[in-house]
Amino acid sequence: MVREKTIHELIDHNSNIAVTITLPTHKVGEDSKQDPIRLKNLLSKAEKQIKKRESKNGFAESLLKPAYDLLNKPMFWAHAENGLAIYIADGKFDVYKLPYSVNEEVYINDHFLITPLLPMTSIDGTFTVLTASRQNLRLLRCTRDNQEDITPDSIPVAVDEYLEIEPEKQLQFHSGSMGQKAMYFGHNSNEEDKMVIVEQFYREAEREITTLLNDLGDPLILIGLNENSGIYKKVNSYKRLVDNIVKVNPDELSDKELRDKGWEVIQSYFLSDMYASLEKMGKTSDEKFSNNLGEIVEATVMGKSSSIFISKGEKKWGFYDEENHTVQYTSNPDGEDVDLLNWLSIKAFKTGSKVYMLPKEEMPVHATVAAEFRF
């Protein structure tokens, strides 16, 4: 999941020319071969727009060069997700592969377009689930609606498999019969032997799992019975392991059921504020709630908003008239207009409001935007 720190870094980066490029991408198939071409076309469009703002010779080409370089990196495209968001400014070049699709868009202003990342801080972020099992260790990368098995191919997923690959481990860790080869479930093995072998099994798997997770940055949810999850937690070095362990037997659950268990943790651990605000919004009095964009913008500028909900995929163009404290709308945006929902999100973060992005059907009263006010 993208953290709020990432959003704040984008908001706080000062630049006269801030470029945001988004496009849907594809993991496999013919469409995936067209993704670099689509990016090239968007970069060409961005270059033309930049030259209208900054005529200095070579500026646009130099600014966009890191993005153009992506076109010649096959491995970058081989590991595509469902969407791509690229942020470019003087001294900044950030790329985010997204687990959901986004529109093809070039947005150039004195601020970035942060709305493409907001679903990652709300309900469309990714999380990982690890089964602390002795028979079927699984690492799943999940969203609310999907899961993918990303268990490293190089690690054994069961203790028996581990001992077949490393038979000397049985002798090395057998404490009851020096010089004899004790089977893991054999008569000569005792509980202490088993626990030492299980710990070593998890310890060696943990190295590669943590290496992979450090690249992904997702929160990790552990699912397993007390004894197994306790041993894995002991050897774990991944910093985003969630404290809430799901203490059930994962061998009895499908990948989908494991994902659903993980989502319950995400809801309670990461999104509790959002759901509490949604519930409160449904009960609050009219003066503490609004779905009028102009009213919400004005309240947010004044620091009155506490939680703001924005419908995913929506656009509202115009600008905020600071002198008259009114929102001006337009259906034909030009270089002076901004994406008002994005501008509102930026203001909300700056004034300490929480910002969430939801599918239209999950929005309060199915509105484009809704807010709860502090006062």
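Colleague: Before we start, what counts as buried here?

Modeller: Buried means under 20% relative accessible area. Keep in mind that this is a predicted model.

Colleague: What share of the protein chain is buried, then?

Modeller: Buried residues make up 51% of the 375 residues.

Colleague: How many helices and strands are there in the chain?

Modeller: The protein chain has 13 helices and 15 strands. Its C-alpha atoms fill a box of roughly 85 × 55 × 35 Å along the principal axes.

Colleague: And the contacts, what share join residues at least 24 apart?

Modeller: That share is 66%, taken among contacts between residues at least 6 apart in sequence.

Colleague: Let's do sheets. What is the strand order in the antiparallel one?

Modeller: The order is β3-β2-β1-β4, in an open sheet of four strands.

Colleague: Why do β3 and β4 have one side without a neighbour in the sheet?

Modeller: β3 (92-98) and β4 (105-109) stand at the edges and have a single partner strand each, so one side of each stays free of a sheet neighbour. From one strand to the next, the twist averages 10 degrees.

Colleague: How many bridges link β2 and β3?

Modeller: Seven bridges, in the antiparallel sense, with β2 covering residues 83-89. One pair to look at is Y87 with its bridge partner D94 in β3.

Colleague: Which helix packs on that sheet?

Modeller: Helix α2, residues 30-53. It touches β1 (18-24), β2 and β4, and its direction makes about 155 degrees with that of β1.

Colleague: Stay with α2. At what angle do α2 and α3 cross?

Modeller: Roughly 160 degrees, and their axes come within 9 Å. Helix α3 is residues 59-69. Angles over 145 degrees count as roughly antiparallel, so α2 and α3 are roughly antiparallel to each other.

Colleague: Is that crossing left-handed or right-handed?

Modeller: α2 passes α3 in a right-handed crossing.

Colleague: Which residues meet there?

Modeller: From α2, L39, L43, S44, A46, E47, I50 and K51. From α3, F59, A60, E61, L63, L64, A67 and Y68. By class, that contact has ten nonpolar, one polar and three charged residues.

Colleague: New topic. Where do β10 and β14 sit in the mixed sheet?

Modeller: That open sheet of four strands runs β9-β15-β10-β14. β9 (289-290) and β14 are the edge strands, and each pairs on one side only.

Colleague: How do β10 and β14 pair, parallel or antiparallel?

Modeller: Parallel, over five bridges, with β10 at residues 305-311. I308 has V355 in β14 as its bridge partner. For S307, the partner in β14 is K354.

Colleague: Which helix packs on this sheet?

Modeller: α12 does, touching β9, β10 and β15 (369-373). The direction of α12 makes about 40 degrees with that of β15.

Colleague: Back to β14. Why is β14 largely enclosed by the rest of the structure?

Modeller: Because four of its five residues, in the run 354-358, are buried.

Colleague: Last one: how do α12 and α13 cross?

Modeller: Helix α12 (residues 293-301) and helix α13 (residues 340-350) have axes that come within 9 Å and cross at roughly 25 degrees. That makes α12 roughly parallel to α13. The crossing is left-handed.

Colleague: Which residues make the contact?

Modeller: α12 brings L293, I296, V297, T300 and V301. α13 brings L340, L341, W343, L344, K347 and A348. By class, the α12 contact with α13 has nine nonpolar, one polar and one charged residues.

Technical notes: Residues are numbered from 1 along each chain as its sequence is written. This is a predicted model: local features need pLDDT of at least 70, side-chain atom pairs count only at pLDDT 80 or more; totals for chains, interfaces and linings use all residues. Side-chain values use heavy atoms; hydrogens and water are left out. Two strands pair if DSSP finds at least two bridges between them. Helices (H or I, at least four residues) and strands (E, at least two) are DSSP runs, numbered from the N terminus. Axes are lines fitted to C-alpha atoms, for helices over the stretch in contact, and angles run from 0 to 180 degrees between N-to-C directions. Contact means heavy atoms within 4.5 Å. Angles under 35 degrees count as roughly parallel, over 145 as roughly antiparallel, 65 to 115 as roughly perpendicular and the rest as oblique. A crossing is left-handed if the near helix is turned anticlockwise from the far one by less than a right angle, and right-handed if clockwise. Ala, Val, Leu, Ile, Met, Phe, Trp, Tyr, Cys and Pro count as nonpolar, Asp, Glu, Lys and Arg as charged, and the others, Gly among them, as polar. Buried means under 20% relative accessible area, exposed over 50%, partly exposed in between (1.4 Å probe, protein chains only).
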